[in-house]
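Work through these exercises with the structure open beside you. Try each task before reading its solution.

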Amino acid sequence: MSRKAKFSFKAQWNRFCILTHEFFERQMNNDFTKMEEFKAKLEAIDTVADRIRFLTEDAIFSTAIPQFVDSYLPKEGTQKPRDDSADYDSLSVARRFIESDYNDNNYNKQIENYTKAISTLSMDTAPNENRRELCRLLTKRAELFYILKRYDECLDDINELKKYSISNDLDFLEEMASFCEETKAKSCFRELKPKHFEVKSESKLLESGMSDMQLVYNDIKGRFIRSTKFIPRGTIIAAENPFVAWLRPNLYDSYCNYCLVKLNSRYFYCKDCFKVKYCSSECMQEALASYHSIECSMVDVLKDWAMGHMSLRMAIVAGIEEAIEMEREEKIALKEWVNKEFKNDYSCIHSLCGESCLHDAYFTASTIGALMLAILAARMNLVKENTEDFYILAALLYKHIAQVYLNTYTVYDHNLRNTGYYGVICSSEKRKKVGVSLYATSSLFSHSCDNNCYKYYSGSKIILVSLRPIAAKEEITVNYGTSLAQNTLQTRRNFLNQNFSFECRCSACEVNAECVAYALICPHCKAALVVNEDQSNYCINCNRQNVETKNLDHAMKCAKKAFECAEGFAARGQIEKARLLYKRMAHFYSIYYFSSVRLSPIYDFIAQCYAARNKFYKAYKYKVKTEAMIDESYGFESLEMVALYAECASFLEKAANLSMFRKKKWQKKANFYYEEAFKLLTQLLRADFNIIEENKVSILKQLKI
Ligand SMILES: [Zn+2]
Ligand SMILES: [Zn+2]
Ligand SMILES: [Zn+2]
Ligand SMILES: [Zn+2]
């Protein structure tokens, strides 16, 4: 496997499945019949706990599984023992960190040392002397941030200091804080934290969800959520913290292990394992209290077990004994949840769909995986091996594997920031996958390929926002990773079947709605030739299948070539040559793609070329052609559309200023676009949540209300 593939999100997340699957294959000597036989034997046993018991009594697995787990554990003596002795003095540890570079002029190095020292000290429940030292260090670091004009971090340190309120120099700090606030208010983008996102009024029954919705049940769909009254576009439907979250192993250094927020240089880290970092002392305390004090000595093993780690962490967060107790109790029927309070606690998480969903390829490997996790739990002294509790815990872990597999969402770093323009938020175009989270309420939203809500993330907090107006009693839906706008019918079906084991019955799939956004032109009838992910194709008009597309592929090659050359010319400032090549590219695209929407980015390039040469009317002409694409990608009711109108208006205005004869006509047209932009903007700004892509913010800001 290449280095890149090994560190891909998918490879990291599926690590545990692959690990357990390969282990099983090895034990069966890769003999397919033997594997099938074993699976059949396992399937014949009724309960998960009994299947696990069967494994522990099996001639091969009873020794191979514990051996496998033990091979992962830190070797005796290699681990630095946790030092609990009284003379272990965090103050002296902290001093060591700062003394090393105390007089260095290298500010960043100093900040790093302060950070280490502060982490060490703030883990202590603190004799007074340490507290004073901690305040001194925080003040010093705040000053450094201030000098470096990093006001966000400076303010965070000052707020941290206020918690201790024993600082000698409160006036000075207040002054520094107010300066930071003022400067921040003037700056272009302001960082938004998870706590900035809340629903306007919270539902009484569904924690973290808005009040205008309810949980309903029917026998076909099970539980789902619908609106109780009309919900406008851009409403925050839910803003929920996860029950558990998992951070990608390769991001342990750069993201908070608890809330999955990107770290700045004032992070905190665990002074026992030195392996996990947190964005704040609150996150550190929360993590320690809910799972890290138990996981601390096993971080390396757990980190490698990804999905398995998350399954075990669910039990740790719930409390092992409480979880086992709950598994013993009788379960509440799903339809009874309609009148119950649904909260972000283990009893609600426990009710999410479970073990019956794991079948085929995942069945045997997950059973083995559950036993491995239970043995690991025993090694961590969470349960006694081979007791009744042990088997219940193993069965529970099996259920967790299924829940993690089916109910979690991938967390993206949307990098949400406040633009300072009427509360409009912006996000980066590039969105990194940072981890996986399991939510209570948000797990109850069903998938639709034509979903009416979109998921954003601030750290691991999920923010569900309505994409369009939702009628009363309409089901509220999200997208599990495949959509009508992006994927063909066959691709959607395969994806949902493979990843979530269900057949989609959403409004789009019910009528076999096809996605033609990426369709080619059928050589026989010129209608849309839909291409699936597996490269098979069919024409939606003449129904021909797997049509030969050689001629079309040639057009695509020419388009690509033209694009490369155009980029080269543009980079060297030869704008007119670049423009001609972009036009060629547009020509080849129109031979290749059925949907003219694909042409839009090229029209954008051409408009830029014209604008660079002061040919503003022509620039406008091309810009306005991208309206259909904006409508398709973001919808008419979007800030992107406002930005488009604003840009058209601005091109027309510039054209009018340069023209002798068409001045009036073009100015009038410009005014028309300004009016349209304002009309749409004022309508949109009524929503709770308005978002625009980062690169369009400057255009939007030209509109002064
Ligand atoms: Zn955090
Ligand atoms: Zn630790
Ligand atoms: Zn569907
Ligand atoms: Zn055709």
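The exercises below deal with a predicted model.

**Exercise 1. Find which residues coordinate the zinc ion (ligand 1), and decide on the geometry of the site.**

Solution.
- Step 1: List the donors. The zinc ion (ligand 1) is held by the SG atoms of Cys256, Cys259, Cys279 and Cys283, at 2.3 Å.
- Step 2: Check the angles. The four donor atoms subtend 104 to 115° around the zinc ion (ligand 1). Four donors count as tetrahedral if all angles lie between 85 and 135 degrees. The arrangement is therefore tetrahedral.
- Step 3: Set this against the ideal. For four tetrahedral donors, the ideal angle at a metal is 109.5 degrees.

**Exercise 2. Place the donors of the zinc ion (ligand 1) along the chain, and explain what the pair Cys256 and Cys283 ties together.**

Solution.
- Step 1: Read the spacing. The donors of the zinc ion (ligand 1) follow C-x2-C-x19-C-x3-C.
- Step 2: Locate the pair. Cys256 sits in the loop between β5 (244-247) and β6 (268-269), while Cys283 belongs to helix α12 (residues 281-295). The pair therefore ties together parts that are 27 residues apart in sequence.
- Step 3: Are Cys256 and Cys283 buried or exposed? Buried means under 20% relative accessible area. Cys256 has 0%, so Cys256 is buried. Cys283 has 10%, so Cys283 is buried.

**Exercise 3. Describe the site of the zinc ion (ligand 3) in the same steps: donors, angles, spacing, burial.**

Solution.
- Step 1: Name the donors. Cys449, Cys504, Cys506 and Cys509 coordinate the zinc ion (ligand 3) through their SG atoms, at 2.2 to 2.3 Å.
- Step 2: Check the angles. They run from 103 to 115° among the four donor atoms, and the site of the zinc ion (ligand 3) is tetrahedral.
- Step 3: Read the spacing. In sequence it is C-x54-C-x1-C-x2-C for the zinc ion (ligand 3).
- Step 4: Look at burial. Cys504 and Cys509 are both buried.

**Exercise 4. Step back to the whole protein chain: explain why it counts as compact.**

Solution.
- Step 1: Count the elements. The protein chain has 28 helices and 19 strands.
- Step 2: Compare the radii. The radius of gyration is 29 Å, close to the 27 Å that the globule rule gives for 705 residues, so the protein chain is as compact as a globular protein of that length.
- Step 3: Add the dimensions. The C-alpha trace spans about 90 × 75 × 50 Å along its principal axes.
- Step 4: Look inside. Of the 705 residues in the protein chain, 52% are buried.

Methods. Residues numbered from 1 in each chain as written. Chains lettered and ligands numbered in written order. Predicted model: local features only at pLDDT ≥ 70, side-chain atom pairs only at ≥ 80, totals over all residues. Heavy atoms only, no water. Donors = N, O, S within 2.8 Å, 3.2 Å for Na, K, Ca; no water. Tetrahedral: all angles 85-135°; square planar, octahedral: opposite > 155°, others 65-115°. Buried < 20%, exposed > 50% of the residue type's maximum accessible area, 1.4 Å probe, protein only. Helix = DSSP H or I, 4+ residues; strand = E, 2+ residues; numbered from the N terminus. Rg over C-alpha atoms; globule rule 2.2 N^0.38 Å.
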